[in-house]
Amino acid sequence: MGEISLGIMTKELCHELFRNWENDPDIYADMSLFKVYQYDEDAVNRYFDTKQDSSRVLLAIMKDGAPVGEIQLKQIDFERKECTLSIHMQNDTFKGRGYGTCAERLAVQYAFETLDIEAVNADVIAKNTRSQHVLEKVGFRFLKEENGFRYYRCER
Ligand SMILES: CC(C)(COP(=O)(O)OP(=O)(O)OC[C@H]1O[C@@H](n2cnc3c(N)ncnc32)[C@H](O)[C@@H]1OP(=O)(O)O)[C@@H](O)C(=O)NCCC(=O)NCCS
């Protein structure tokens, strides 16, 4: 699993990532909102631009020189020293191979060491048992279930 690394997402990487993107049904509580993803250059530019703010780090999950997923550290609060993690692999080809586990471990390490954060939060919809299992494997602790979401936290 040494082949996974994280890098700061650039606009170019973002386009490369979304050109082969598939939305995953596991992240939709309401399946009527699920749509098959269609690459749209302008929409990707807008997506990238709206994610550039001081409370967020957008990271590309890299394998063999190509982006295979996205991981975000968002809602970064440098005073409380906490943030929230979200992750989505590019498509099914890159799921179930240990890459997500590896990427989450690296992102937590990045939050603790590079951002000097003390706690990383995550919330997952109840049906997404795969994501919950991975969070627990990485060391996140289950806090509570509320309104269909399960809340986790990983402390330094
Ligand atoms: C969630 C996600 C990031 C995990 O990454 P991944 O690379 O697929 O996960 P890994 O291969 O590292 O690990 C998967 C683990 O889940 C287990 N698993 C697979 N399906 C499962 C299920 N339905 N329920 C519980 N565990 C499951 C696997 O057995 C494996 O655990 P193990 O190593 O103990 O055997 C990835 O699947 C993904 O992008 N999913 C779509 C988006 C998403 O759900 N994001 C999270 C939103 S909170």
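This passage describes the helices, the nonpolar core, the ligand shell and several loop residues of a predicted model.

Helix α1 spans residues 11-19, and C14, L17 and F18 are its buried residues. Viewed down the axis of α1, these buried residues fall within an arc of 90°, so they line one face of the helix. The face turned away from that buried side carries E12 and R19, which are exposed. The partners against which the buried residues of α1 pack are one helix, α2 (41-50), and two strands, β2 (57-63) and β3 (66-77).

Helix α3, formed by residues 99-113, contains 15 residues, and the distance from its first C-alpha to its last is 21 Å, close to the 21 Å expected at 1.5 Å a residue. Its buried residues are G100, A103, E104, A107, V108 and A111. These residues cover an arc of only 135° around the axis, which puts them on the same side of α3. An α-helix has 3.6 residues a turn, so residues three or four places apart point the same way. Exposed residues Q109 and E113 are carried by the face of α3 that is turned away from the buried side.

In α4, the buried residues are S131, V134, L135 and V138. Because they cover an arc of only 100° around the axis, these four residues are placed on the same side of α4. The face of α4 turned away from this buried side bears the exposed residues T129 and H133, whereas the buried residues of the helix pack against α3, β5 and β7. Helix α4 is followed by G139, a residue whose phi is positive, near 115°.

The buried residues may next be considered in terms of the core. In soluble globular proteins, nonpolar side chains tend to be buried together. In this model the largest nonpolar core has 30 residues, and those with the most contacts inside it are L73, A107, A111, V120, A122 and L135. Two or more residues are given to this core by each of the helices α1, α3 and α4 (129-138), and likewise by each of the strands β2, β3, β4 (82-89), β5 (119-125) and β7 (149-155). Of the core residues with the most contacts, A107 and A111 are also among the buried residues of α3, and L135 is among those of α4. When neighbours within four places in sequence are left aside, the contacts of L135 are with A122, V124, F140 and Y152.

The ligand is surrounded by 21 residues, of which D24, K95, G100, T101 and T129 come nearest. The elements giving two or more residues to this shell are the strand β4 and the helices α3 and α4, and the largest share, six residues, comes from α4. By class, the shell comprises six nonpolar, nine polar and six charged residues. Among the residues that come nearest to the ligand, G100 is one of the buried residues of α3, while T129 lies in helix α4 and is exposed, with 12 other C-beta atoms within 10 Å. T129 and E22, which are 107 residues apart in sequence, are separated by 19 Å in space, C-alpha to C-alpha.

Several loop residues complete the description. F78 is placed in the loop between β3 and β4 and is exposed, since 12 other C-beta atoms lie within 10 Å and a residue with 12 or fewer is counted as exposed. Although F78 and K63 are 15 residues apart along the chain, their C-alpha atoms are separated by 30 Å.

Positive phi values occur at D116 and N147 in residues other than glycine. D116, located in the loop between α3 and β5, has a phi near 60° and is exposed, with 10 other C-beta atoms within 10 Å. N147 has a phi of about 50° and lies in the loop between β6 (141-146) and β7; this residue is likewise exposed, with 7 other C-beta atoms within 10 Å.

Terms used
Residues are numbered from 1 along each chain as its sequence is written. This is a predicted model: local features need pLDDT of at least 70, side-chain atom pairs count only at pLDDT 80 or more; totals for chains, interfaces and linings use all residues. The expected span of a helix is 1.5 Å times one less than its number of residues. A residue is buried if 20 or more other C-beta atoms lie within 10 Å of its own, exposed if 12 or fewer, and partly exposed in between; C-beta atoms are placed from the backbone. The arc is that of the directions from the helix axis to the C-beta atoms. Two residues are in contact if their C-beta atoms, placed from the backbone, lie within 7 Å. A nonpolar core is a set of buried Ala, Val, Leu, Ile, Met, Phe, Trp, Tyr and Cys residues joined through C-beta atoms within 7 Å. A residue is near a molecule or strand if its C-beta atom, placed from the backbone, lies within 6 Å of it. Ala, Val, Leu, Ile, Met, Phe, Trp, Tyr, Cys and Pro count as nonpolar, Asp, Glu, Lys and Arg as charged, and the others, Gly among them, as polar.
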